[in-house]
Amino acid sequence: MNSKTLMYIIKRIGLAILTVWVVITATFFIMHAVPGGPFMSEKAITPATQKALEAKYGLDKPLFEQYGTYLKDVVTKLDFGPSLKQRGRTVNEIIGDGLQTSAKLGLIAAFSALLVGIVLGSVAALRRNHFIDKLIMVITTAFVSLPSFIMGSLLLVFFAIKFPLLPANGSSASGLILPIITLALYPMAYITRLTRSSMLDVLGQDYIRTAKAKGVPPRKIIFGHALKNSLIPVITYFGPMLAYIVTGSLVVEQIFAVPGIGRAFVSSITNRDYPMVMGTTIVLAALIVVMNLVSDILYKVVDPRINLE
């Protein structure tokens with residue numbers, strides 16, 4: 001690793017830390033600016049009990065003091081605090097349990113989408129304007145156009161209700177099949193279109209025509225030159241997409257009742273569980289900036305001609 005690459009990585013890590021800090025700060029103050037509080041929905045709660053609960057969780061202190069305490073706990077101990085609604089459990093425990101399911105769900109969906117998308121995109125580019133190309137484009141356009149909540153609902157109706165082949169609840173292994181398909185369809189379609197357009201651009205480059213003129217075997221041209229160089233836009237998209245899917249799609253986890261981090265995040269917003277909202281937001285932001293950094297570094301691996309500056 002040369003000095004330029006090392007300095008680039010250090011600068012990107014610094015920028016990542018700054019980004020996460022901005023997310024923490026903005027989320028904290030916006031969340032506390034919303035009228036109401038986490039204990040307003042409690043039934044038959046007296047003002048004295050509410051004040052006691054606020055004192056117990058430090059919500060009676062000045063806002064900037066709360067912010068400083070929270071930031072110190074996150075930075076020094078990676079402690080997101082206790083959940084205000086799930087009594088006796090910490091946010092770290094809830095996020096850890098949710099990530100076990102969301103990570104399994106997201107990783108399978110993301111890499112399935114990547115593999116299928118690259119294959120279909122390559123086939124479409126190599127068979128440009130043929131029937132298979134047009135068919136792939138029509139199907140992927142439909143998948144890109146349909147929001148995940150519509151696609152998930154359709155899969156749920158057809159494969160869990162009308163034709164009960166798979167369970168509708170995502171709490172079991174077989175119940176994760178439909179959520180995985182729902183999560184994978186949109187990125188698969190997008191990667192297919194991205195790979196096709198990128199490969200068509202690469203196939204029109206001078207060095208590809210030169211390789212053909214020199215009699216280089218078509219398989220070597222496709223896999224050794226065209227496909228490798230056409231993956232750079234895919235890598236750009238795949239990093240943030242992986243972070244998004246791994247942390248769990250909020251809508252998909254709600255539709256299929258998947259006990260993941262996305263479902264916990266929605267519940268925390270509804271219940272105004274401040275520490276849970278903060279914890280899940282920080283985890284999501286950290287994953288996105290890390291995956292963006294990894295994507296940028298992978299550029300150099302895929303194409304050594306790229307200079308990281």
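## Largest pocket

The largest pocket is lined by 20 residues, and those nearest its centre are Tyr 57, Gly 58, Gln 66, Thr 69 and Tyr 70. In this predicted model, the pocket has a volume of about 410 Å³. Helices α1 (3–33), α3 (63–77) and α13 (274–302) are the elements that give two or more residues to the lining of this pocket. Of these, α3 gives the most, with four residues.

The lining of the largest pocket is mixed in class: eleven residues are nonpolar, five are polar and four are charged.

## Second largest pocket

The second largest pocket holds about 240 Å³ of space. Its lining consists of Ile 17, Val 20, Trp 21, Ile 24, Leu 71, Val 74, Val 75, Leu 78, Phe 80, Ile 282 and Val 283. By class, the eleven lining residues are nonpolar, with no polar and no charged residues.

Helices α1, α3 and α13 each supply at least two residues of the lining of the second largest pocket. Here α1 gives the most, with four residues, whereas in the largest pocket that place belongs to α3.

## Enclosed cavity

Turning from the pockets to enclosed space, the count comes to one cavity of 30 Å³ or more. About 30 Å³ of space lies in the largest cavity. Phe 143, Leu 146, Pro 147, Ser 148, Met 151, Thr 182, Leu 185 and Tyr 186 line the largest cavity. The elements that give two or more residues to this lining are α6 (148–162) and α7 (177–203).

The largest share of the cavity lining, three residues, comes from α7. By class, the lining of the largest cavity has six nonpolar residues and two polar residues, and no charged residues.

## Contact of α4 with α12

The axes of helix α4 (residues 91–126) and helix α12 (residues 261–271) come within 7 Å and cross at roughly 135°. Helix α4 is therefore oblique to α12, because a crossing angle counts as oblique when it falls outside the roughly parallel (under 35 degrees), roughly perpendicular (65 to 115) and roughly antiparallel (over 145) ranges.

On the α4 side, the contact involves Ile 94, Ile 95, Gly 98, Leu 99 and Ser 102, which meet Ile 261, Gly 262 and Ala 264 in α12. The residues of this contact divide into five nonpolar, three polar and no charged.

Notes
Residues are numbered from 1 along each chain as its sequence is written. This is a predicted model: local features need pLDDT of at least 70, side-chain atom pairs count only at pLDDT 80 or more; totals for chains, interfaces and linings use all residues. Side-chain values use heavy atoms; hydrogens and water are left out. Axes are lines fitted to C-alpha atoms, for helices over the stretch in contact, and angles run from 0 to 180 degrees between N-to-C directions. Contact means heavy atoms within 4.5 Å. Ala, Val, Leu, Ile, Met, Phe, Trp, Tyr, Cys and Pro count as nonpolar, Asp, Glu, Lys and Arg as charged, and the others, Gly among them, as polar. On a 1 Å grid over the protein atoms alone, a cavity is a set of points where a 1.4 Å probe fits but cannot get out, and a pocket is an open set with protein on both sides within 12 Å along at least five of seven lines; lining residues have an atom within 4 Å of a point. Grid points are joined across faces, edges and corners, and a volume is the space filled by probe spheres set on the points.
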